[in-house]
Amino acid sequence: YLSPLGLGYIATYLEKINDIDVEIVDCVKERKSVSDIISYINRTKPDFMGINIFTQNFDMVKYVVENINIECNCFIGGQAVKSIYQEILKWKVKNKLYIIIGEGEFITPKIVLGQCSQKPEEQVDLKYVYRVNKDSIYFPENISNIYLNRKYLSNEIVVNHYAEKEIAIITSRGCMFDCAFCGGARSLNKDMTIRTRTEKSVIKEIQGILSIYPDIRSVRILDDLFLRNSRSIDMANNIFSRFPQLSWRGMVHVLSLVNTIGKIKELRIGRCKELFIGIESGSESVRKRINKIGSTDDIIKVSQEILQNGIDLKGYFIFGFPKETKEDFQ
């Protein structure tokens with residue numbers, strides 16, 4: 001389970017800056033079915049409803065948007081929208097549907113208030129497509145200044161597999177890598193810039209979290225760029241050395257560590273407990289086809305170094321790429 005941080009940022013800016021009443025319904029954590037969601041919307045009668053979409057929940061989101069019975073303008077957002085918005089434009093909707101490609105915390109309040117100065121790049125019937133890229137006035141350029149009010153994420157604490165209460169944060173947006181299976185790939189997002197938060201910004205957020213949840217014992221970092229080079233390892237240690245009660249877990253790309261192999265042991269200084277690596281495949285031919293840079297030798301070298309320094313390792317794997325064979329899998 002991961003809390004809906006993206007919706008949290010949007011909710012924060014709807015209310016913080018624009019004084020719009022807002023709530024988040026965490027349908028995953030609350031285990032709400034599609035019919036539950038539709039019933040809730042019809043019963044509470046919001047003026048606007050926003051929902052994030054992935055390839056996995058595409059049909060469910062489509063059913064919700066097409067079957068609510070009240071007058072309610074809708075927003076659709078999420079990383080996948082850039083790749084699937086032409087399909088969304090085919091939906092049969094009774095209400096206005098705003099399709100947001102990119103980050104939504106600045107543009108969403110303006111659309112709600114009828115103050116949006118950016119014109120939609122496409123319109124089909126009641127469906128409007130807005131693209132928030134680096135050329136948009138609503139693009140969050142400095143994400144160190146983006147504030148998240150966690151009161152909207154009331155169910156966000158999880159107990160991780162170390163039996164520690166844990167909370168998640170994001171420290172960067174955009175990606176420098178170009179994996180063929182990923183909607184965040186660099187080649188698909190040339191109109192976006194990679195942005196990382198400052199050390200001071202991350203420390204301030206963790207301090208805020210501990211003021212609300214003093215019994216938190218772990219932080220999970222949900223982006224690949226927190227450990228992107230040697231300096232970022234030092235930054236991680238600087239951040240968590242301030243919080244001796246906390247351990248942390250995070251994602252990392254093999255290529256980020258293979259060039260800083262000697263510094264992996266230093267991650268223990270900041271109490272890094274577990275790293276997550278997208279291995280995807282052990283077949284060099286498959287890795288080449290999916291543009292997964294870094295060799296299997298790099299993976300083994302980095303993995304061994306992580307484990308030998310007392311840090312746990314989680315590997316992500318994908319099987320079933322086009323033209324992948326059983327031999328590739330073996």
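**Close-up views of a predicted model**

**View A. D19, an exposed loop residue.** D19 has a relative accessible area of 67%, so D19 is exposed. The cut-off that matters here is over 50%. This is a predicted model, and every value in these legends is computed from it. D19 sits in the loop between α1 (5-16) and α2 (34-44). Its backbone stands out: phi is positive, at about 55°, although D19 is not a glycine.

**View B. R31, in the loop between α1 and α2.** What is unexpected about the phi of R31, given that R31 is not a glycine? The angle is positive, about 55°. Buried or exposed, how does R31 count? R31 reaches 75% relative accessibility and therefore counts as exposed.

**View C. T296, a buried residue of helix α10.** T296 belongs to helix α10, which spans residues 296-308. Why does T296 count as buried? Its relative accessibility is 19%, and buried means under 20%. The side chain of T296 makes a polar contact with the side chain of E284, at 2.8 Å. E284 is also among the residues that T296 touches, together with G282 and R287. That list leaves out residues up to four places away in sequence.

**View D. The second largest pocket, lined by 16 residues.** This pocket has a volume of about 380 Å³. Which residues lie nearest its centre? They are I146, Y147, L148, K204 and E205. Helix α6, residues 199-212, gives the most to the lining. Its contribution is 7 residues. By type, the lining of the second largest pocket is mixed: 6 residues are nonpolar, 5 are polar and 5 are charged.

**View E. The largest cavity, with a volume of about 70 Å³.** How many cavities of 30 Å³ or more does the structure hold? There are 3, and this view shows the largest. Rolling a probe the size of a water molecule over the atoms shows where empty space is left. Y1, L2 and S3 help to line the largest cavity. E156, V158 and R220 are also in the lining, as are E166, I167 and A168. Which element supplies the largest share of this lining? Strand β7, residues 165-169, does so with 3 residues. The lining of the largest cavity divides into 5 nonpolar residues, 1 polar residue and 3 charged residues.

Terms used: Residues numbered from 1 in each chain as written. Predicted model: local features only at pLDDT ≥ 70, side-chain atom pairs only at ≥ 80, totals over all residues. Heavy atoms only, no water. 1 Å grid on protein atoms, 1.4 Å probe; cavity = no way out; pocket = protein on both sides within 12 Å on 5 of 7 lines; lining within 4 Å. Points joined across faces, edges and corners; volume = space filled by probe spheres on them. Helix = DSSP H or I, 4+ residues; strand = E, 2+ residues; numbered from the N terminus. Nonpolar A, V, L, I, M, F, W, Y, C, P; charged D, E, K, R; others polar. Buried < 20%, exposed > 50% of the residue type's maximum accessible area, 1.4 Å probe, protein only. Polar contact = N/O pair within 3.5 Å; in protein donor to acceptor, adjacent residues only side chain to side chain. Contact = heavy atoms within 4.5 Å.
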